[in-house]
Amino acid sequence: MTITQDPWETLHTSALLGTDRRPLPATALPLADAVDRSDPATALLELAALAAVRRRAGALPVPAAEPPGPPAAEDTRPELPEPAARRLAVLLSGRTGGSSSGTLANLAELLPQWLGTARARGLRPPAALVPGLLDAARARSELRADAAALAGPLGRWLAEQNPDWRFVLRTTTPEVPQQPTDDRLWHEGLFAERVTHLTLLRRRDPAAGLELLRGTWSTERAEDRLLFLDALQDGLSPADEPFLEAALGDRSKNVRATAAELLSTLPGSALARRMAERARAAVRLAGTGTHLLVTPPAECDAQMQRDGIAPKSPTGRGERAWWFGEVVAAAPLSVWPKSTGLTPEQLLALRVGDSIDETSSSWADDLREAWARAAVRQQDADWARALLGPAPVPPGRGTRARTPRATGAPAKLLAVLPPEERVAWTAAFIEVHGLGEAFQLLGACTTPWTPPLSTAVVTALARAAASGAYPWSHSGVLGMTERALAPETAAAVEELAAGAAPDSAWSETFTRLAGTLRFRAAMLAELAG
């Protein structure tokens with residue numbers, strides 16, 4: 001029996017080995033006799049073309065695909081206005097809408113703001129743009145919640161057809177909540193999906209979330225247990241205390257430390273009471289009432305270690321200073337006014353001395369830093385306000401300029417204050433100190449920034465340009481301004497661009513920023529309808 005070899009396979013072999021090593025085969029292809037074989041390479045391509053046509057002509061139709069099932073559920077939300085839909089197409093494509101690419105910020109950085117605004121307005125994108133929206137969210141996980149909410153029922157239907165978009169089915173949003181009894185994701189999902197599932201469940205039903213975690217706790221890896229504990233911050237209450245107390249005996253020191261930190265935010269917890277007792281022993285008001293006396297712990301006993309305090313300092317500080325800071329940071333801040341009768345402002349104004357040498361102030365910074373950590377951990381606005389001190393006042397208004405009193409990172413304390421207060425404090429700081437130390441403070445302020453804060457930032461940029469500084473010395477703040485400045489400041493930025501030296505770095509920077517602000521203003525106006 002003779003087996004006839006497929007002409008395509010023989011040509012494929014000749015192409016791989018080379019016509020000098022494997023001569024062109026004789027074939028029964030139609031018109032093959034008309035091929036000029038004097039040039040083997042050209043002849044090989046011509047024969048391959050004939051073989052390809054022959055293969056396609058003889059192809060049989062494939063079976064019809066199964067219907068995709070019922071159509072997507074009806075989406076009753078109003079569709080985006082047409083200009084807003086065109087803008088979304090531009091943002092998804094990364095194009096600049098006809099402008100020079102150097103005159104606008106990276107449009108990908110503006111997409112989160114567009115999505116958040118459209119979602120807040122309860123709009124839906126045209127069906128033709130939903131695939132592009134899901135592709136963008138697949139590449140950028142921070143977009144997924146907004147993208148899944150905007151895509152709505154159609155997005156979930158498409159995700160059932162395309163495995164690349166399956167993240168939509170695992171994304172829970174208020175618009176499309178998961179069924180409370182559906183815990184398959186917890187048992188079968190990827191780690192990040194499980195954390196998200198637990199976090200959202202805790203927001204909806206803290207007791208159910210705790211019970212879910214309790215059911216698998218003993219089988220979880222230490223690094224996973226650590227992040228699952230973080231998820232308990234949502235809805236944290238005294239009902240979680242028994243579970244967290246048990247976690248103080250975990251074999252992982254990081255898990256123990258996290259459990260202790262969570263318990264320290266529950267003022268009535270047993271751990272908080274133990275820390276309060278230690279803190280009162282470490283800091284007391286002198287009999288004269290003029291200063292505080294510090295007696296740091298002499299050792300880190302077994303009970304302190306169980307409560308999350310490491311016996312060895314991981315920071316390089318002295319061990320007694322480390323133990324002291326950990327105790328004070330974990331004690332309820334209410335301890336100090338109750339035990340001394342003084343307000344946070346009055347306590348911070350006192351001199352700090354050593355119980356051995358009352359004239360020493362070596363513990364003052366340690367005490368203030370520990371109080372600052374406690375204020376952030378316990379979200380205590382009164383203490384955060386006292387630690388920050390009054391907003392800076394420019395010289396020439398009757399006083400000299402003041403700087404923040406807080407030890408450590410003032411931005412963390414600032415984040416504890418109400419949004420309006422954060423903005424006012426940051427604007428005053430920038431007015432006095434400029435932008436050199438303002439990056440983290442601005443990051444604590446809600447975006448987009450209010451017009452007063454935006455005006456303070458633009459004024460500071462003008463001062464920086466006039467001083468001869470280079471734009472890249474403020475690159476971090478400039479990156480934030482493109483997506484956070486109030487669009488109403490576009491005219492002021494355009495004036496700065498016009499006043500800068502032509503073709504200078506500041507001229508280019510201000511022109512780009514003004515163009516981005518105009519783009520954002522149009523973008524938000526389109527979404528407003």
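## Close-up views of a predicted chain

**View 1. Asp-307, a buried residue in a loop.** With a relative accessibility of 2%, Asp-307 counts as buried in this chain, whose model is predicted. Asp-307 sits in the loop that runs between helix 14 and helix 15. When neighbours within four places in sequence are set aside, Asp-307 is in contact with Leu-248, Ala-260, Leu-271, Arg-274, Met-275 and Arg-278. Arg-225 can be included in the frame as a reference point: Asp-307 and Arg-225 are 82 residues apart in sequence, and their C-alpha atoms are 17 Å apart in space.

**View 2. Ser-313, in the loop between helix 14 and helix 15.** Ser-313 is placed in the loop bounded by helix 14 (302-306) and helix 15 (319-330). Because its relative accessibility is 17%, and buried means under 20%, Ser-313 counts as buried. The side chain of Ser-313 makes a polar contact, at 3.0 Å, with the side chain of Thr-315.

**View 3. Ser-264 and the polar partners of its side chain.** Ser-264 belongs to helix 12, which covers residues 253-264, and Ser-264 is buried, with a relative accessible area of 1%. Two partners of the side chain can be followed in this view: the side chain of Ser-264 reaches the backbone oxygen of Glu-261 at 2.6 Å, and that side chain also makes a polar contact with the side chain of Arg-377 at 3.1 Å. Leaving aside neighbours within four places in sequence, the residues in contact with Ser-264 are Leu-271, Ala-330, Arg-377 and Gln-378. Leu-271 links this view to the first, as it is listed among the contacts of Ser-264 and among those of Asp-307.

**View 4. Gln-379, a residue with positive phi in a loop.** Gln-379 lies in the loop between helix 18 (364-378) and helix 19 (381-388). Its phi is near 55°, which is a positive value in a residue other than glycine. Gln-379 is exposed, with a relative accessible area of 51%, whereas Ser-264 in the preceding view is buried, at 1%.

**View 5. Asp-503, a second loop residue with positive phi.** Asp-503 is found in the loop that separates helix 25 (490-499) from helix 26 (505-528). Although Asp-503 is not a glycine, it has a positive phi of about 65°. The residue is exposed, and its relative accessible area is 81%.

**View 6. The cis peptide bond between Thr-447 and Pro-448.** Thr-447 and Pro-448 are joined by a cis peptide bond, for which omega is about -5°. Pro-448 is found in the loop between helix 22 (439-443) and helix 23 (451-466).

**View 7. Val-130 and its surroundings.** Val-130 lies in helix 5, which comprises residues 130-139, and is buried, with a relative accessible area of 1%. Not counting residues up to four places away in sequence, Val-130 touches Pro-125, Ala-151, Leu-154, Gly-155 and Leu-158. For one of these residues a C-alpha separation can also be given: Leu-154 is 24 residues from Val-130 along the chain, and the two C-alpha atoms are separated by 7.9 Å.

**View 8. Leu-107, a buried residue in a loop.** Leu-107 is located in the loop between helix 3 (82-93) and helix 4 (111-120). Leu-107 is buried, with a relative accessible area of 3%. The C-alpha atom of Leu-107 is separated by 9.0 Å from that of Ser-93, a residue 14 places away along the chain.

**View 9. The whole chain, as context for the close-ups.** The secondary structure comes to 26 helices and 3 strands, and the C-alpha trace spans about 115 × 65 × 55 Å along its principal axes. The radius of gyration of the chain is 33 Å, while a compact globule of 529 residues would have one near 24 Å. Buried residues make up 43% of the 529 residues, and of the contacts between residues at least 6 apart in sequence, 65% join residues at least 24 apart. The chain exposes about 27,400 Å², of which carbon and sulfur atoms supply 55%. Its side chains include 56 that are positive and 61 that are negative, with the centres of the two sets lying 3 Å apart.

Terms used. Residues numbered from 1 in each chain as written. Predicted model: local features only at pLDDT ≥ 70, side-chain atom pairs only at ≥ 80, totals over all residues. Heavy atoms only, no water. Helix = DSSP H or I, 4+ residues; strand = E, 2+ residues; numbered from the N terminus. Rg over C-alpha atoms; globule rule 2.2 N^0.38 Å. Buried < 20%, exposed > 50% of the residue type's maximum accessible area, 1.4 Å probe, protein only. Contact = heavy atoms within 4.5 Å. Areas by Shrake-Rupley, 256 points an atom, 1.4 Å probe, with all protein chains shown as cover. Lys, Arg positive; Asp, Glu negative; His and termini not counted. Charge placed at Lys NZ, Arg CZ, Asp CG, Glu CD. Polar contact = N/O pair within 3.5 Å; in protein donor to acceptor, adjacent residues only side chain to side chain.
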